[in-house]
Amino acid sequence: MAAPSRSVLRVLPRCQSLFFTCRAPSVSCSSLTAHRQQQPVRYYAAASAKQKEKKDETVQEKVVKEKKKVDDKNRHKPYGLTAWAPVDDVYMVRYYPKPVYETSVAIEMLKNFQKLDFRPENQPVYINLRLDMKLEKKKKVDPFVSTIHLPHPFKSDINKIVVFTENPDQVRIAMENGAAVAGGAELVEKILADEITADFYLAEPDIVQKLLPLKNKLRKKFPKSKRGSVGMNIPKMLALFKSGHEYMVEDSYVNSQVATLDMPKEYILENIHAIVKDVASHKPAEFGPLIERAIVCSRSSEGLHIKIEELLPQQEKKA
């Protein structure tokens, strides 16, 4: 009995393997080739999937993360800094808030810097204003150029002005009121050839189209109504631009000379106040103050932050 049982055990594994292989579905080579012939053969890469349909016609603008304004009034120290004020004369400036001075004190400091550095007394004094151009929703104040009369001009010479007009009477009036050159379209070729140069170019509305060849040559000096250099009242424009001081907004900043350091402190203060008042008038009071920060400096000194509240008009202070 032992011998038959051993032979049975040897045969059983082979029978199981044969049984399972026989039960598997048999596919012949001829059936495979026939199946392939029925379906088209593609000899190129599959087409990429179609892009997702656009959600809306109006593409959502990227949300710019605005810097959070931290109120430091009730804090024991400014946010991100070491303390409100250093306790020693030697300290790292970046760890403390920049001091803000009254305008009169800042001018006195600039005069003292000049004496310590042995620099010329007649060096220019500049003011730098950072502006908040935002209005309601997504609207902003358009960058502007303005010309004003300073209470105490720091230039001794008068600006050279060219007036474009085709009216002979207006040419005579312009020359009588201080224009350096006055004429019509015949001046275009002379300006392109650098035979005529000027600080400002004024024009009547009728002749502006004939001056378009000068646009690339004059660039920012090209007559424009927004700058007040295009109009019918030539004597009034000449009175403004002959001794006027021009400043412009570039990237939400105004950087302009206001005086020279050898002028009396009161004169410098009045000039600063005149420019600040004119800049602040370009934004409605209900949208808040236009000027966020003000710095004064001379050519050889560091910039000093000044208190802008004392220079702003009364309406902006309330806002």
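Q: Which element gives the largest share of the lining of the largest cavity?
A: The largest share, three residues, comes from β6. This is a predicted model: local features need pLDDT of at least 70, side-chain atom pairs count only at pLDDT 80 or more, and totals for chains, interfaces and linings use all residues. Residues are numbered from 1 along each chain as its sequence is written, and side-chain values use heavy atoms, with hydrogens and water left out.

Q: What makes a space a cavity, and which residues line the largest cavity?
A: On a 1 Å grid over the protein atoms alone, a cavity is a set of points where a 1.4 Å probe fits but cannot get out, and a lining residue has an atom within 4 Å of a point. The lining of the largest cavity consists of Phe200, Tyr201, Leu202, Lys220, Lys221, Phe222, Arg227, Ser229 and Phe241. Each of these therefore has an atom within 4 Å of a point of the cavity. The volume, which is the space filled by probe spheres set on grid points joined across faces, edges and corners, is about 40 Å³. One cavity in the structure has 30 Å³ or more.

Q: Why is β6 called a strand, and which way do the residues of β6 point?
A: A strand is a DSSP run of E with at least two residues, and a helix is a run of H or I with at least four, each numbered from the N terminus. β6 covers residues 200-203, so the minimum for a strand is met. Phe200 and Leu202 point one way, Tyr201 and Ala203 the other way, and all are buried. By the same scheme, the chain has nine helices and ten strands.

Q: How do you know that β4 pairs with β6?
A: Two strands pair if DSSP finds at least two bridges between them. Four bridges join β4 (residues 161-164) to β6, and the two run parallel; therefore the condition is satisfied. Ile161 has Phe200 as bridge partner, and Val163 stands opposite Leu202. β4 also pairs with β5 (residues 181-183) in the parallel sense, over three bridges, and there Phe164 faces Gly183.

Q: What makes the β-α-β unit of β4, α4 and β5 right-handed?
A: A crossover is right-handed if, with the strands pointing away from the viewer, the path from the first strand over the helix to the second runs clockwise. In the unit made by β4, helix α4 (residues 168-176) and β5, the crossover is right-handed, so that path runs clockwise.

Q: Why is Arg299 called exposed?
A: Exposed means over 50% relative accessible area, buried under 20%, and partly exposed in between (1.4 Å probe, protein chains only). Arg299 has a relative accessible area of 61%, so this residue counts as exposed. Arg299 lies in the loop between β9 and β10. Of the 319 residues of the chain, 31% count as buried.

Q: How do you know that Arg299 is in contact with Pro124?
A: Contact means heavy atoms within 4.5 Å. Beyond its neighbours within four places in sequence, Arg299 is in contact with Gln123, Pro124 and Tyr126, so each of these has a heavy atom within 4.5 Å of Arg299. The C-alpha atoms of Arg299 and Pro124 are 6.0 Å apart, although the residues are 175 apart in sequence.

Q: What makes a set of residues a nonpolar core, and how many residues has the largest nonpolar core?
A: A nonpolar core is a set of buried Ala, Val, Leu, Ile, Met, Phe, Trp, Tyr and Cys residues joined through side-chain atoms within 4.5 Å. The largest has 36 residues, and among those with the most contacts inside it are Leu129, Leu131 and Ile272. The largest share of this core, six residues, comes from α8. A second, separate core of 16 residues includes Leu187, Tyr201, Ala203 and Ile207.

Q: Why are β1 and β3 called edge strands?
A: The open sheet of seven strands has the order β1-β10-β9-β2-β8-β7-β3, with mixed pairing. β1 (100-101) and β3 (145-148) are its edge strands, each pairing on one side only. Within this sheet, β7 and β8 pair in the antiparallel sense over two bridges, and Glu250 has Tyr253 as bridge partner in β8.

Notes. On a 1 Å grid over the protein atoms alone, a cavity is a set of points where a 1.4 Å probe fits but cannot get out, and a pocket is an open set with protein on both sides within 12 Å along at least five of seven lines; lining residues have an atom within 4 Å of a point.
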